[in-house]
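Reader: I should like to work through this protein with some questions. May we begin once the structure is in view?

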Amino acid sequence: MDVSRGLEPLPVSVWPRLEELPVFQYSPDHVPGAGGKPDPSEISFSGCSCHSASCLAPACSCLHYGENYKNLSMETEGSELGFSKPIFECNAMCHCGEMCQNRVVQRGLQFQLEVFKTTEKGWGLHTREFIPKGRFVCEYAGEILGIDEARKRTQSQTSSDSNYIIAIREHLYDGTTLETFVDPTYIGNVGRFLNHSCEPNLFMVPVRIDSMVPKLALFADRDIGAGEELSYDYSGRYHNFFPIEEQGSKQEQQVSKKPCFCRTKSCTGFLPFDSSLFLKDGKRK
């Protein structure tokens, strides 16, 4: 069984094979959702004018902030300036070749992944082959929602429901914040099966290709062996160069949060909690 239904470069297997997966529509890319703007399928970026097989900085306009990848791998070291630079890949309007080194996330899955049933966390995702540090693993794709719809869906969940909605906040140099809300509950890709870990082996990076709607790309933070479960930090703290403040009282978070079963030495005991999705008209619900 191929979870992706042939929509990825490589099939995504399931174990045990006879287990039934949650019902959802597979999409390798973001799709428009209620209140989400702009449309993630639109191409709004102009392409570079490079006519070489592969683009190089600083000549390429897509590499204005420097090289993004080296041998298909992203550097995982923190920026000396104290912030993470924007990542722009070459896009459909660019004149460079399809094998340009600045085209990585858009190539889709490059490693054999498998959805499997865990003992405590429901479904999970592991790799069937070795993944070197810095390599792209998969996206976290789903419906792009507006904040009102994201709050509506979050607040309608019961304690037994899995929460797939993720809020990405990018802090710009001028003090403004870009917010992106992604929900793969009904329409999504293999990334929806990734579990949280307080000591993850993946880190998430917003990567822009055709428009300002970012691809939520997950890269290997270290060498990952075949058979290892893949995970990332739901809170966004991992490889995040900006301090993130907890919102809401500790008592509120204890009530609202779900237990974490990552079983790592630094486990906080609870899954990360974004209380901003429980606000209504600027007030806590």
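Reader: Which residue in the turn of the hairpin formed by strand 7 and strand 8 has a positive phi?
Author: The model is a predicted one. In it, strand 7 and strand 8 form a hairpin, and five residues lie between the two strands. The residue in this turn with a positive phi, of about 75 degrees, is Gly122.

Reader: In which sense do strand 7 and strand 8 pair, and over how many bridges?
Author: Strands of a sheet pair through backbone hydrogen bonds, either parallel or antiparallel. One place to look is Phe116, which stands opposite Gly124 in strand 8. Strand 7 and strand 8 pair over five bridges, and the sense is antiparallel.

Reader: What is the order of the strands in the open sheet of three strands?
Author: Strand 7, residues 113–117, pairs with strand 1 in the parallel sense over three bridges. Within this pairing, Val14 stands opposite Val115, and Trp15 has Phe116 as its bridge partner. With strand 8, strand 7 pairs in the antiparallel sense. The pairing in the sheet is thus mixed, and the order is 1-7-8.

Reader: Why is one side of strand 1 and of strand 8 left without a neighbour in the sheet?
Author: The order of the sheet is 1-7-8. Strand 1 (13–15) and strand 8 (123–127) stand at its edges, so one side of each has no neighbour in the sheet, because each has a single partner strand.

Reader: By how many degrees are neighbouring strands of this sheet turned against each other on average?
Author: The sheet in question is the open one with the order 1-7-8. With direction ignored, its neighbouring strands are turned against each other by an average of 30 degrees.

Reader: How many of the five residues of strand 7 are buried?
Author: A residue counts as buried when its relative accessible area is under 20%. By this criterion strand 7 is mostly covered. The number of its five residues that are buried is four.

Reader: Which strand gives the most residues to the largest nonpolar core?
Author: The largest nonpolar core has 33 residues, and those with the most contacts inside it include Leu113, Val115 and Tyr140. Several strands supply at least two residues each, among them strand 7, strand 8 and strand 14 (202–208). The strand that gives the most, with three residues, is strand 15.

Reader: Which residue of strand 7 does Val3 touch?
Author: Val3 is one of the residues with the most contacts inside the largest nonpolar core. Not counting residues up to four places away in sequence, Val3 touches, among others, Val12, Val14, Phe24 and Phe193. Strand 7 covers residues 113–117, and the residue in that range that Val3 also touches is Val115.

Reader: How many residues apart in the chain are Phe24 and Phe193?
Author: The structure holds nine aromatic pairs. Phe24 and Phe193 form one that is edge-to-face, at 5.8 Å centre to centre and with 70 degrees between the planes. Both residues are buried. Phe24 lies in the loop between strand 1 and strand 2, Phe193 in the loop between strand 12 and strand 13, and the separation is 169 residues.

Reader: What share of the contacts with a separation of 6 or more comes from residues 24 or more positions apart?
Author: The protein has two helices and 18 strands. Of its 285 residues, 45% count as buried. Among the contacts with a separation of 6 or more, the share from residues 24 or more positions apart is 68%.

Note on methods. Residues numbered from 1 in each chain as written. Predicted model: local features only at pLDDT ≥ 70, side-chain atom pairs only at ≥ 80, totals over all residues. Heavy atoms only, no water. Pairing = 2+ DSSP bridges. Axes fitted to C-alpha atoms, helices over the stretch in contact; angles between N-to-C directions. Core = buried A, V, L, I, M, F, W, Y, C linked by side-chain atoms within 4.5 Å. Buried < 20%, exposed > 50% of the residue type's maximum accessible area, 1.4 Å probe, protein only. Contact = heavy atoms within 4.5 Å. Phe/Tyr/Trp six-rings, centres within 6.5 Å; stacked < 30°, edge-to-face > 60°.
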